[in-house]
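Reader: I'd like to go through this protein with you, piece by piece. Can we start from the picture?

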Amino acid sequence: RVNQPAGKYYTTDYLRTLTKLWDFRGSGLTNMHGATGDIILLGTTTPQLEEVFHTLTHDMGQDLGGSGSNLRTPADCLGQSRCEYACYDTNALVYFLTNEYQDELHRPAFPYKFKFKLDGCPNCCVASIARSDMSFIGTWKDDIRIDQDAVNKYVENDPAYPANAGAYKGSKDWGPFDLEKEVLNLCPTKCMMFKNKKLFIDTANCTRCMHCINVMPRALKIGKETGCSILCGAKAPILDGAQMGSLLVPFIEVNPDNDYEAITEVIENIWDWWMEEGKNRERLGELIMRQGFQKLLEVTGIEAVPQHVQYPRTNPYIFWKEDEVPGGWERDVEEYRKHHQR
C-alpha cells in the first residue's frame with residue numbers, strides 16, 4: 001500500500017516515476033485506487049521489497065500506507081480545492097492527520113484496523129458515514145442562503161437555470177421543472193414552503209441533506225457558519241453486521257490555527273478507551289454496541305444532546321447511577337412524604 005495524497009492530486013511526473021519503478025521492480029500492475037484509498041502495488045518477489053521501499057521513501061519522498069491492526073491511510077474528497085459545497089478544508093485536515101499519527105499508521109497497536117474518512121459536505125462523496133470508524137462530515141449551523149430571484153428562475157423554467165445544474169439533461173426529457181414535486185415533497189422533514197414567489201426554510205427542522213441545494217445550486221447555498229460533524233463506528237460486516245456511523249459531535253469548528261486541538265482530543269480519548277477495552281478484531285462500532293453509546297459519551301467527556309437520540313427508548317426501565325441522581329441515594333423520608341402523600 002502506498003499512501004495516496006490528500007484529494008488524490010498527482011503530478012504526471014510523479015505518476016511516471018511510480019509506474020517506471022513498478023515496471024522495473026514489480027509486475028507493473030497497480031490498483032488506482034482500491035477501496036482502501038491507497039495506491040496498491042500488486043505482485044513482486046521478496047528480494048525486491050526492500051528496494052521498492054527504499055526508492056519510495058528515500059528517492060520519491062513517498063510515505064507507505066497503513067496496513068494491519070493500525071490506523072489506515074486517511075481518505076477524503078476534493079474539498080474546498082474544487083467544490084463549492086465543501087464546509088471545511090478536507091485536504092488540509094487529511095494532511096495534518098497523516099503527519100500527526102505517523103506512529104499509529106506504521107506500528108500496529110490497535111485491536112483491529114481504524115479508518116478516518118473525510119467528507120466536505122453531507123453529499124458524502126467518499127461515503128465516510130458508511131465506511132469509516134471515524135468520519136468527518138462538513139456541515140453548517142446557520143440558515144441555507146437563498147437567492148429568491150434565482151428560485152423563481154427555476155420555477156419559470158428559465159433555460160439558463162436547469163435543475164441539478166443540467167446533470168440529467170442527456171438521459172431523457174424529464175419535462176418542465178416542478179418545484180413542489182422535485183424539491184418540497186422530497187424534503188425529508190418537510191421543512192420547506194414556497195409562497196408568494198418566496199421560498200421559506202425552517203432551519204430548526206432542516207437535516208442538511210443537501211437535496212434542495214443539489215437540485216437548485218444557483219438559488220441555494222450552504223450557510224456561512226461552517227464546520228463538521230464527527231460520527232463513529234461505521235464498518236462492513238466482520239464480527240457483527242454492517243453498521244452506519246453514529247453521531248458523536250453534532251458540530252465542531254475545524255480550526256487549523258490551533259492544530260485541530262478539539263478534533264485530536266476526541267480522537268485520542270476514543271483510542272485510549274478502545275485500546276483498553278476492545279477485544280481482538282473488534283472494531284470501534286462493535287465496542288460501542290457492546291458497552292453502549294453512553295459509555296462512549298463518558299470517555300469523550302461529551303454531554304448527551306437530543307441529536308444523539310436515534311429513536312425513542314423502548315425499555316421503560318432506566319437504571320441511574322448515584323452521581324446522576326440529585327442528592328444521591330440518601331433521602332429524607334419525611335421530606336419525601338411531604339411531596340408524595342399516601
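What follows is a short round of questions and answers on this predicted model.

Reader: To get my bearings, how many helices and strands does the chain have?
Author: The chain runs to 342 residues, and 39% of them count as buried. Its C-alpha atoms fill a box of roughly 90 × 65 × 40 Å along the principal axes. As for the elements, there are 12 helices and 11 strands.

Reader: Let's look at strand β4. Are its faces covered or open?
Author: Take residues 116–119 side by side: F116 and L118 point to one side, K117 and D119 to the other. All four of those residues are buried. That makes both faces of β4 covered.

Reader: And which residue of β5 is the bridge partner of D119?
Author: β4 runs parallel to β3 (residues 75–76), with 2 bridges joining them, and there D76 partners L118. β4 also runs parallel to β5 (residues 134–140), this time with 4 bridges. In β5, the partner of D119 is I137.

Reader: There's a negative patch on the surface. Which helix gives the largest share of it?
Author: The patch is made of E100, D259, E261, E265, E268, D272, E276 and E277. E100 sits in helix α3 (residues 90–100) and is partly exposed, at 41% relative accessible area. The largest share, 6 residues, comes from helix α9.

Reader: On to salt bridges. How far apart in sequence are the parts that K235 and E286 tie together?
Author: The K235 and E286 side chains meet at 3.1 Å, N to O. K235 lies in the loop between β10 and β11 and E286 in helix α10, so the pair links parts whose separation in sequence is 51 residues.

Reader: Are those two side chains buried or exposed?
Author: Buried means under 20% relative accessible area. K235 has 2%, and E286 has 6%. So K235 is buried, and E286 is likewise buried.

Reader: What about E298, which residue does it form a salt bridge with?
Author: E298 is partly exposed at 38% relative accessibility, and its partner is partly exposed at 42%. The closest N and O atoms of the pair are 2.9 Å apart, and the partner is K321.

Reader: Last one: which helix holds both E335 and K338?
Author: These two form a salt bridge, with the closest N and O atoms 3.4 Å apart. E335 is partly exposed at 37%, while K338 is exposed at 56%. They sit 3 residues apart, about one turn, in helix α12.

Definitions and conventions: Residues are numbered from 1 along each chain as its sequence is written. This is a predicted model: local features need pLDDT of at least 70, side-chain atom pairs count only at pLDDT 80 or more; totals for chains, interfaces and linings use all residues. Side-chain values use heavy atoms; hydrogens and water are left out. Buried means under 20% relative accessible area, exposed over 50%, partly exposed in between (1.4 Å probe, protein chains only). Two strands pair if DSSP finds at least two bridges between them. Patches are made of residues with over 30% relative accessible area and no salt bridge: like charges are joined within 9 Å, nonpolar side chains (Val, Leu, Ile, Met, Phe, Trp, Tyr) within 5 Å. Accessible areas come from the Shrake-Rupley method with a 1.4 Å probe; for residues, only the protein chains shown count as cover. A salt bridge is a side-chain nitrogen of Lys or Arg within 4 Å of a carboxyl oxygen of Asp or Glu. Lys and Arg count as positive and Asp and Glu as negative; His and the chain ends are not counted. The place of a charge is taken as NZ of Lys, CZ of Arg, CG of Asp or CD of Glu.
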